[in-house]
Amino acid sequence: MKVVIAPDSFKESLPAAAVAAAIAAGWRAVWPQAELLCRPMADGGEGTLDAVLAATAGERRSCRVSGPLGEPVEAAWGWLADSRTAVIEMAAASGLHLLPAGQRDVLRASTRGTGELILAALDAGAARIILGLGGSATNDAGSGLLRALGGELLDAAGQPLEEGGAALAGFAELRLAGLDPRLGGVEFQVACDVDNPLCGSHGAAQVFAPQKGASATQVLQLDAALSHFADCCALQLGRDERHFPGSGAAGGLGFAARTFLAASFRPGIELVAELNGLEQAIIGADLVITGEGRLDAQTLHGKTPLGVARIARRHAVPVIALAGSLGEGYQALYAEGIDAAFSLVPGPLELAQALAGAAPLLEQRSRDIARLWQLAGAC
């Protein structure tokens, strides 16, 4: 028997490699002779760097950069020397997890630190930069990143704007003469799991800012500021990328990557699957097990289990998904290649308990499914 185990991380609980290991332990308890191929996955958000480094001979590096509100943070990034490729997870510098709940301020949060990580990659001689978008604390349309790379954002009086998305309401002039000239020799690839535009009802502010602590009034304020910024950029540059799918990712960082870095966009799951050889592993497998912290209707929008299931479906391999919880609309995944889905929790459980006990819960549920699989084979 050959089983491919390809889960995403369980946010605030376990990285993808630990999730895969727990599932493998449960399966091995029932099928000790099974061939188990672990392929930790990610979709461009948190965990992408770990998944890529686990699949390659990459080197983990780190540097001190500006956090979301300007405080210094130590941020990791990856270096693949053979291809001169840098792997940057924007959440490492500008992520929501870097701010305690009581200190979050989406109006002022900046992507400057992500730009500083790009500078570190340029210093290393990068020819390609993979930029994972997701898990951001920001809603600044990548303006902080742009400033870190040498751009200037000025108000009507010719003064530099303050950091953050709210300040973009006063944006008047963009100066790009100071952009780092090394950017022109680098290929940028964006890995993300959403296709939202920058503005409007499906845009960065209205969809994602509430998760970052924005009130209803602040959401409208941010959306108007992003729209104004996009208007001014379109007028000055002669092109408008606000409607490009993914421009609203990571608080609009996708917009800056597309507009100023000429980045190409790929679903994060595709990029990670390519690097870790997922499709080759699935060929000839009897079963694929995937999962993430929560399976629901949002999983249909490019999340890891969906991407894994679509690859497995091409090779007629059944897929089982494990999740911390099953939310509204998860049943739609059955039409996309996931054959069965199971929650980990055995009964009423405090969230903190579930997060802390994810590994034994994963192992137990995997063991249960392995026993069921054993029974089905005997029938």
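## Exercises on two sheets, a helix and a core

β11 and β12 pair in the parallel sense over seven bridges. Pairing needs at least two DSSP bridges between two strands. Strands (E, at least two residues) and helices (H or I, at least four) are DSSP runs, numbered from the N terminus. The model is predicted: local features need pLDDT of at least 70, side-chain atom pairs count only at pLDDT 80 or more, and totals for chains, interfaces and linings use all residues. Residues are numbered from 1 along each chain as its sequence is written, and side-chain values use heavy atoms, without hydrogens and water.

**Exercise 1.** Find the strand order of the open sheet of five strands, its edges and its twist.

*Solution.*
- Step 1. Read across the sheet: β2-β1-β11-β12-β13, with parallel pairing.
- Step 2. Look for strands with a single partner. These are β2 (35-38) and β13 (340-343), so each has one side without a neighbour in the sheet.
- Step 3. From one strand to the next, the twist averages 25°. Angles (0 to 180 degrees, between N-to-C directions) use lines fitted to C-alpha atoms, for helices over the stretch in contact.

**Exercise 2.** Work out how β11 sits among its neighbours: which strands pair with it, and what handedness does its unit with α11 and β12 have?

*Solution.*
- Step 1. On one pairing, three bridges join β1 to β11, running parallel. Here I5 has I289 as its bridge partner.
- Step 2. On another, seven parallel bridges link β11 with β12. L295 stands opposite L326 of β12.
- Step 3. β11, α11 and β12 form a right-handed β-α-β unit. Right-handed means that, with the strands pointing away from the viewer, the path from the first strand over the helix to the second runs clockwise.
- Step 4. Seven of the nine residues of β11 are buried, so the strand is largely enclosed by the rest of the structure. Buried means under 20% relative accessible area; exposed is over 50%, and partly exposed lies in between (1.4 Å probe, protein chains only).

**Exercise 3.** Place T299: is it buried or exposed, and what does it touch?

*Solution.*
- Step 1. T299 lies in the loop between β11 and α11.
- Step 2. Its relative accessibility is 0%, so T299 counts as buried.
- Step 3. Leave out residues up to four places away in sequence; T299 then touches E292, R294, P305, L306 and L333. A contact is a pair of heavy atoms within 4.5 Å.

**Exercise 4.** Check the span of helix α4 (residues 112-123).

*Solution.*
- Step 1. Multiply 1.5 Å by one less than the number of residues.
- Step 2. For twelve residues this gives 16 Å; the end C-alpha atoms are 17 Å apart, which agrees.
- Step 3. Now look at burial. G115, L117 and I118 are among the buried residues of α4.
- Step 4. Just past α4, G125 has a positive phi of about 95°.

**Exercise 5.** Which members of the largest nonpolar core touch the most others?

*Solution.*
- Step 1. Such a core joins buried Ala, Val, Leu, Ile, Met, Phe, Trp, Tyr and Cys residues through side-chain atoms within 4.5 Å.
- Step 2. Among its 62 residues, W77, I118, I129 and L133 touch the most other members.
- Step 3. Helix α7 (residues 216-237) gives the largest share, eight residues.
- Step 4. Another core, of 36 residues, lies apart from it and includes A42 and L295.

**Exercise 6.** Describe the open sheet of six strands.

*Solution.*
- Step 1. Its order is β3-β4-β5-β6-β9-β10, with mixed pairing.
- Step 2. β3 (59-66) and β10 (264-267) are the edge strands, each with a single partner.
- Step 3. Eight antiparallel bridges join β3 to β4 (residues 72-80). R60 has G78 as its bridge partner in β4.
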